[in-house]
Amino acid sequence: MLGRSFVVIAACLGAVTPGFAQGPVSDINSRYAVMAPERRSERILLPALASFEAAPIGADRLDSARLLPFGSPGWDAAERWTTAAPQVAVLDALKQVTEQRRYEQAMVFAQPYGVANLSPDTIETGLYTDLGDPPLLAAAEHLYLPALDRLQLLVHVEATRLVGAGEPAEAVDLLLRLAAFGRQMADRAMMREADWGYEAMVDALRRVRDVVYLDFLGERLMAPDDIRDTVDRLDPEEFIAYSRLGFPTGNQLAARQLIDRVYAERGGVNEPVFLSTMIRLSGGGKPLWRFAEASRWAGVADGQVDWFRINEVLTEVYSGWTGRWNLDPFDPVLQLPFAIETVQNPESIVAVLAPMTFETSDGREMSGSEIFELRTLLDVERIGTRQALGVVGQYYEHNLYPPTLSSIRPRWVRRIESDPYNTNRRIAAATPPLTFFVPVRDDYVANANEDREPHRMQVFPGDGSNFGVTLFADQFVLYSAGRNGAKDFAERVSQDRNALLGDYLIWPPVLGLHRLHLQDLGEFD
C-alpha cells in the first residue's frame with residue numbers, strides 16, 4: 001500500500017488540479033498593485049540590502065549586536081562594518097523610506113507575492129516571497145526576511161556608534177525609523193511578515209530606552225527638547241498609527257486556495273493531490289524529506305473532514321481572530337480560548353491549520369493568536385518608553401525626579417496611559433498606571449528610627465545569566481505588572497512576555513543592566 005502511495009505521489013508532484021483557484025494570489029496582490037511607485041519602500045530598501053556585507057563576529061547576532069559596547073575589543077571591526085559604503089547605503093535607504101511620520105503619507109512595503117510581477121533583477125537578488133510552482137500561498141517562503149534581520153543588526157550597531165560619537169538623539173531617531181519600518185511590515189498580509197513587524201517595533205523601543213539610559217549614565221547630551229520630540233513621536237495618535245493595523249488576512253486566502261486545491265467541491269479530499277501538496281508544504285523543497293513525510297500524510301488523508309466542514313472551520317478560526325481584534329485587551333471575550341485552540345482533532349483539518357501556523361526566525365512556532373499578544377506587548381513598550389522618557393526629561397530639566405508618575409503631566413504627556421498588563425483594567429473605568437518609584441526616597445519605613453533601604457531586584461534577561469541589582473536614590477524604577485497581571489514590587493523582573501512570575505521592567509532598561517553585568521564579568525574583554 002505504501003509503495004502505491006509513492007508511485008501516486010511521484011505522478012502528482014507539481015500537478016495542478018483542474019479548476020485550481022489562482023484567484024487568491026491575485027486577491028492578495030491586488031492591495032499592492034494600486035500603490036504608486038514613489039510610495040513603495042521595497043523599491044528603495046531591498047536593492048540596498050542586496051549589496052549588504054556580512055556582519056563581523058560580535059555583531060552577527062541580534063542579541064550580541066544590541067549589547068556590544070562602544071570601544072570594546074570587538075568594536076573596531078563593527079564600526080568599520082557599519083561605516084562601510086554598502087551599509088551606509090542601507091541606512092540611507094531606511095531613512096528615505098521612513099521620512100514621512102504621518103500614516104496617510106507614509107511609504108508602504110508593497111512587494112507582491114510570487115514571481116509573476118517581479119523584475120528579473122529582483123528575482124536574481126533572491127529578496128522576494130517565493131510561492132513555488134504552481135503558486136501556492138500556503139507554501140510562501142519569505143526569502144527577503146533574513147535580509148531584514150541583518151538590517152536590525154546594522155541599526156543596533158549604528159545606534160551604538162552614534163551614542164559613542166556623542167549623538168544619542170540621532171541614535172534614538174534611527175531606532176524610531178526602524179520602528180516605523182516595522183509598522184510597514186506589520187501591515188503586510190501574511191502572519192509571518194506581520195510578526196516580524198511587531199517584533200521589530202518592540203525591539204526598537206526597548207533599544208530606545210537603552211540608548212537614553214546610556215546617555216543618562218554618561219554625559220547627558222540629549223537636550224530636553226530631544227526627549228520631548230521622542231515622547232511626542234510615541235503619542236498614541238502619532239506613533240505610526242499602529243492602532244489602525246488590522247489582523248493579517250493573507251493566511252485566510254492561503255487556506256481558501258489550499259482547500260480549492262486539495263478538495264473536490266462538495267466532497268472530500270482528492271487524495272493524490274492532498275498527499276503531494278502536503279508533502280510539498282511540510283518538506284520545504286527537500287526531495288528526500290518528501291518521502292520521509294509520505295507515510296505520515298498517507299495516514300491522515302482518509303481522516304480529513306469533508307468540504308462543507310472544512311469551510312465551516314475556516315470561517316470559525318478566522319472569525320475567532322478578526323471578531324476580537326478591536327476588543328479591549330481585558331474584554332471578557334478575550335479570556336476565552338480562540339477557535340483554533342479548541343480543535344478536537346487537528347489532523348482532520350490540516351487544510352486550515354497548515355496555512356495558519358508559521359515558524360519565526362528564531363525557530364518558534366506561532367499562529368495568529370500570538371499576534372494579539374505581540375500587539376499588547378507593543379502597547380506596553382510604547383507606553384512604558386514614553387513615560388520613562390518623560391521622567392528622564394523632567395530630571396534633566398530640574399535635576400530632580402517627579403514625586404509621582406502623574407507629575408510628568410501635562411509638561412511631557414497629556415495623560416497617563418494605563419498599564420496594558422494590569423488586570424485591574426477589567427474593572428469598568430479603571431485605569432491603573434505603570435508603577436513608578438525612586439529607591440530609598442520612596443521606601444516605606446514605619447518610624448523615623450528605621451533606615452531607608454535601597455531597592456534590590458533579580459534581573460532575568462532571558463539568556464540564563466540571571467543577576468542581582470541594587471538601586472539607590474540616583475535611579476528610578478518603572479515597571480508593568482507583566483503577564484500575571486499583578487504588581488510584584490519589581491523584586492523579580494524581566495522582559496519576558498510569557499513570564500508567569502515577576503514584573504515587566506521598563507526602567508532601568510533590561511538591556512542596559514544586562515550590558516553592565518556582562519562588562520563587570522569581563523565578557524567583552
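This passage walks through the fold of a predicted protein model, from its overall form to its strands, its aromatic rings and some less common backbone features. Residues are numbered from 1 along each chain as its sequence is written. Because the model is predicted, local features need pLDDT of at least 70 and side-chain atom pairs count only at pLDDT 80 or more, while totals for chains, interfaces and linings use all residues; side-chain values use heavy atoms, with hydrogens and water left out.

The overall form comes first. The protein chain has 18 helices and 10 strands, where helices (H or I, at least four residues) and strands (E, at least two) are DSSP runs numbered from the N terminus. Its radius of gyration is 25 Å, close to the 24 Å that the globule rule gives for 525 residues, so the chain is as compact as a globular protein of that length. Here the radius is taken over C-alpha atoms, and the globule rule is 2.2 Å times the number of residues to the power 0.38. The C-alpha trace spans about 85 × 55 × 45 Å along its principal axes. Of the 525 residues, 52% are buried; buried means under 20% relative accessible area, exposed over 50%, and partly exposed in between (1.4 Å probe, protein chains only). Among contacts between residues at least 6 apart in sequence, 73% join residues at least 24 apart, a contact being heavy atoms within 4.5 Å. The chain exposes about 22,900 Å², with carbon and sulfur atoms supplying 51% of this area (Shrake-Rupley method with a 1.4 Å probe; for residues, only the protein chains shown count as cover).

Strand 6 (residues 455-460) is a good place to start looking at the strands. Along strand 6 the side chains alternate: His455, Met457 and Val459 point to one face and are buried, whereas Arg456, Gln458 and Phe460 point to the other and are not. Strand 6 pairs with strand 7 (residues 467-471) in the antiparallel sense over 5 bridges; two strands pair if DSSP finds at least two bridges between them. These two strands form a hairpin with 6 residues between them, and glycine 462 in the turn has a positive phi of about 105°. Strand 6 also runs parallel to strand 9 (residues 492-494), joined to it by 3 bridges. Valine 459 can be followed to both neighbours: it stands opposite phenylalanine 467 in strand 7 and opposite valine 493 in strand 9.

Strand 8 (residues 477-480) is covered on both faces, with Val477 and Tyr479 on one side and Leu478 and Ser480 on the other all buried. Strand 8 pairs in the antiparallel sense with strand 5 over 3 bridges and with strand 10, again antiparallel, over 3 bridges. Leucine 478 stands opposite phenylalanine 436, and its bridge partner in strand 10 is tryptophan 507.

Tryptophan 507 leads on to the aromatic rings. Rings of Phe, Tyr and Trp (its six-membered ring) pair if their centres lie within 6.5 Å; planes under 30 degrees apart count as stacked, over 60 as edge-to-face and the rest as tilted. By this rule there are 24 aromatic pairs. In one of them, the rings of tyrosine 213 and tryptophan 507 have centres 5.3 Å apart and planes at 90°, so the pair is edge-to-face. This pair links distant parts of the chain, as tyrosine 213 lies in helix 10 (residues 191-217) and tryptophan 507 in strand 10 (residues 503-507), 294 residues apart. Tyrosine 213 counts as buried at 2% relative accessibility, and tryptophan 507 is buried at 0%. Ring pairs link both residues into a cluster with Phe216, Tyr395, Tyr401, Phe436 and Phe476.

Charges over rings are also found: arginine 296 lies over the face of tryptophan 297, at 4.3 Å from the ring centre, and the charged end of arginine 411 sits over the ring of tryptophan 412, 4.6 Å from its centre. The criterion is that NZ of Lys or CZ of Arg is within 6 Å of the ring centre and within 35 degrees of the ring normal.

Finally, the backbone. Most residues other than glycine have a negative phi, and most peptide bonds are trans. A cis peptide bond joins arginine 409 and proline 410, with omega about 5°, and another joins tryptophan 507 and proline 508, with omega about -5°. Arginine 266, not a glycine, has a positive phi of about 65° and is exposed, with a relative accessible area of 58%.
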